[in-house]
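Colleague: I would like to learn how to read a structure of this kind with you, feature by feature. Could you show it first?

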Amino acid sequence: MSVHDELTTIRRCLDDLSRAVSRLEQRIGRDGLEVRRVRTDAGHLRESVALLHAAAAAGDAPIPRPDLVTISDAPYDLTLWTDSDDEGLGARDRRAP
């Protein structure tokens, strides 16, 4: 199945979800927080699928990778840590309460 077919299937499922949420709203009312959250989440899913569709329509363009940063294996300068606290232990020159 192609990407376009998969996205079409997802859109159909979201349409079914939207209809089901509408029926649910009619039965239990629109005032409940839970129903509003489900409606909002369904809308977010629809937006996400639209973004996927736009990305797929743009083609299989390669995603640019960020430049790699080389980190030296040499030891760090100890003066970087002079006024720092050891996580979970506190400052070196003070006692824990």
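Modeller: What follows is a short dialogue on its helices, their packing and one residue.

Modeller: This is a predicted model, in which local features need pLDDT of at least 70 and side-chain atom pairs count only at pLDDT 80 or more, while totals for chains, interfaces and linings use all residues. Residues are numbered from 1 along each chain as its sequence is written, and side-chain values use heavy atoms, with hydrogens and water left out.

Colleague: How many helices and strands make up the secondary structure of the protein?

Modeller: Helices (H or I, at least four residues) and strands (E, at least two) are DSSP runs, numbered from the N terminus. Here the protein has two helices and zero strands.

Colleague: What span does one expect of a helix, given its number of residues?

Modeller: The expected span is 1.5 Å times one less than the number of residues. Helix 1, with 26 residues, reaches 37 Å from its first C-alpha to its last, close to the expected 38 Å, and for the 25 residues of helix 2 the expected 36 Å agrees with the 36 Å between its end C-alpha atoms. Glycine 29, just after helix 1, takes a positive phi of about 95 degrees, and glycine 59, just after helix 2, one of about 100 degrees.

Colleague: At what angle do the axes of helix 1 and helix 2 cross?

Modeller: Axes are lines fitted to C-alpha atoms, for helices over the stretch in contact, and angles run from 0 to 180 degrees between N-to-C directions. The axes of helix 1 (residues 3–28) and helix 2 (residues 33–57) come within 10 Å and cross at roughly 165 degrees, and the two helices are therefore roughly antiparallel (an angle over 145 degrees).

Colleague: Which residues of the two helices are buried?

Modeller: Buried means under 20% relative accessible area, exposed over 50%, and partly exposed in between (1.4 Å probe, protein chains only). In helix 1 the buried residues are Leu7, Leu14, Val21 and Glu25, and these pack against helix 2, where contact means heavy atoms within 4.5 Å. In helix 2 they are Val35, Ala42 and Val49, which pack against helix 1. Of the 97 residues of the protein, 8% count as buried.

Colleague: Which residues does alanine 56 touch, leaving out those up to four places away in sequence?

Modeller: Alanine 56, found in helix 2, touches Val3 and Leu7. Its C-alpha atom is separated by 7.4 Å from that of valine 3, 53 residues apart along the chain, and alanine 56 is partly exposed, with a relative accessible area of 35%.

How values were computed:
Angles under 35 degrees count as roughly parallel, over 145 as roughly antiparallel, 65 to 115 as roughly perpendicular and the rest as oblique.
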